[in-house]
Amino acid sequence: MDILTIAIAKGRLGKKGLELFKDTEYEIIMEEDSRKLVYNNANKKINFIFVKPCDVVTYVEKGVADLGIVGKDTILEDNKDIYEVLDLGFGKCRFVVAGFEDQNLVKKNEVLTIATNYPSYVESVFKDRGQLVEIIKLGGAVELAPLMGLSEVIVDIVETGNTLRDNGLVVLEELDTISARLIVNKASYRFKYSEIKKIEKVLGGV
Ligand SMILES: Nc1ncnc2c1ncn2[C@@H]1O[C@H](COP(=O)(O)OP(=O)(O)OP(=O)(O)O)[C@@H](O)[C@H]1O
Ligand SMILES: O=P(O)(O)OC[C@H]1O[C@H](OP(=O)(O)OP(=O)(O)O)[C@H](O)[C@@H]1O
């Protein structure tokens with residue numbers, strides 16, 4: 001029987017992702033306060049590797065991991081050659097354009113400035129509608145950009161809306177709904193099909 005490797009994002013998605021395996025044959029026991037990045041489960045059915053959210057798709061596309069758990073936002077940004085097989089139903093949020101209340105998103109023959117952590121995604125969205133844009137890539141706290149005059153609008157994730165509200169910003173347009181997804185390497189899906197289907201069943205039944 002083939003052993004599977006699954007890449008899990010550290011941080012908020014990782015914790016929930018691991019919970020899905022609890023009380024199943026794939027469960028692992030993590031060492032408290034350990035910085036260990038690879039775990040085998042007791043009966044060696046599966047290896048878990050812990051990587052940055054943005055690296056999950058890379059590990060899966062390259063085949064180092066057979067499976068991964070990652071947000072749809074990362075999948076949309078990276079546009080990698082993988083299968084997305086399951087919506088895991090947690091990590092729900094939305095991709096939105098946000099800014100000050102009266103900001104116009106259509107600027108004919110003029111550039112709209114957009115701060116974001118998701119430059120490729122933003123480029124494809126605005127290219128499709130023919131709007132000229134200048135994209136300013138930020139690593140976080142993107143909501144600050146319009147407040148400081150760095151950009152007119154932002155494209156970011158919104159969950160509760162608290163961060164926008166606390167900074168005087170509003171949703172100007174809803175773009176996509178986001179949640180955690182199970183992704184699979186294309187060759188693994190072919191050659192380890194039955195093992196992967198078993199995992200899908202375990203996770204899909206939660
Ligand atoms: N406010 C939120 N509500 C729900 N899900 C979110 C929220 N923010 C992020 N996510 C989801 O969780 C994923 C990981 O986010 P997290 O904040 O843990 O890492 P990150 O800050 O994007 O990564 P890094 O560790 O590289 O800085 C995101 O890609 C998204 O799918
Ligand atoms: O609508 P809300 O519930 O307020 O959530 C939205 C916030 O959550 C995410 O930030 P995160 O906490 O990951 O911090 P960072 O991206 O600024 O590092 C996202 O980038 C928003 O800033």
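Here is a short run of questions and answers about a predicted model of one protein chain.

It's a predicted model, where local features need pLDDT of at least 70, side-chain atom pairs count only at pLDDT 80 or more, and totals for chains, interfaces and linings use all residues. Residues are numbered from 1 along each chain as its sequence is written, chains are lettered from A and ligands numbered from 1 in the order in which they are written, and side-chain values use heavy atoms, with hydrogens and water left out.

User: How many helices and strands does the chain have?
Analyst: Helices (H or I, at least four residues) and strands (E, at least two) are DSSP runs, numbered from the N terminus. Counted that way, the chain comes out at 8 helices and 11 strands.

User: What percentage of the residues of the chain count as buried?
Analyst: Let's start with extent: the C-alpha trace spans about 60 × 35 × 30 Å along its principal axes. A residue is buried under 20% relative accessible area, exposed over 50% and partly exposed in between (1.4 Å probe, protein chains only). Of the 206 residues of the chain, the buried share is 45%.

User: Which are the edge strands of the open sheet of 6 strands?
Analyst: Two strands pair if DSSP finds at least two bridges between them. This sheet has mixed pairing, and its strands go in the order β2-β3-β1-β4-β11-β5. An edge strand here pairs on one side only, and that picks out β2 (38-40) and β5 (83-87).

User: Which residue in β3 is the bridge partner of N40?
Analyst: Strands β2 and β3 (residues 46-51) run antiparallel and are joined by 3 bridges. Look in β3 for the residue bridged to N40, and you land on N47.

User: Which residue in β9 does R94 stand opposite?
Analyst: For this one, go to the open sheet of 5 strands, ordered β8-β7-β9-β6-β10 with mixed pairing. Its edge strands are β8 (133-137) and β10 (170-178). Strand β6 (residues 93-99) runs antiparallel to β9 (residues 153-158), with 6 bridges between them. Across from R94, in β9, sits V158.

User: What is the volume of the largest pocket?
Analyst: On a 1 Å grid over the protein atoms alone, a cavity is a set of points where a 1.4 Å probe fits but cannot get out, while a pocket is an open set with protein on both sides within 12 Å along at least five of seven lines; lining residues have an atom within 4 Å of a point. Grid points are joined across faces, edges and corners, and a volume is the space filled by probe spheres set on the points. For the largest pocket, that gives about 980 Å³.

User: Which element gives the most to the lining of the largest pocket?
Analyst: The largest pocket is lined by 34 residues, and R12, D73, C93, Y118 and I157 are the closest to its centre. Elements that each supply at least two lining residues include α1 (12-19), α2 (53-61), β4 (67-71) and α6 (162-166). With 4 residues, the top contributor is α3.

User: How many residues of the lining of the second largest pocket are charged?
Analyst: About 540 Å³ of space lies in this pocket. It has 22 lining residues, with G14, K15, L18, M30 and F50 closest to its centre, and α1 gives the most, at 4 residues. Ala, Val, Leu, Ile, Met, Phe, Trp, Tyr, Cys and Pro count as nonpolar, Asp, Glu, Lys and Arg as charged, and the others, Gly among them, as polar. By that split, 9 are nonpolar, 3 are polar, and the charged ones number 10.

User: Is D33 buried or exposed?
Analyst: D33 lies in the loop between α1 and β2. Its phi is near 60°, a positive value in a residue other than glycine. Most residues other than glycine have a negative phi. Its relative accessible area is 78%, so D33 counts as exposed.

User: What is the relative accessibility of A141?
Analyst: You'll find A141 in the loop between β8 and α5 (144-147). A141 isn't a glycine, yet its phi is positive, at about 45°. A141 counts as exposed because its relative accessibility is 57%.

User: How far apart in space are D128 and L144, C-alpha to C-alpha?
Analyst: D128 is found in helix α4 (residues 119-128). It's exposed, with a relative accessible area of 73%. L144 is 16 residues away in sequence, and the C-alpha to C-alpha distance is 27 Å.

User: What distance separates the C-alpha atoms of K197 and E134?
Analyst: K197 belongs to helix α8 (residues 193-204). At a relative accessible area of 30%, K197 is partly exposed. K197 and E134 are 63 residues apart along the chain, and their C-alpha atoms are separated by 43 Å.
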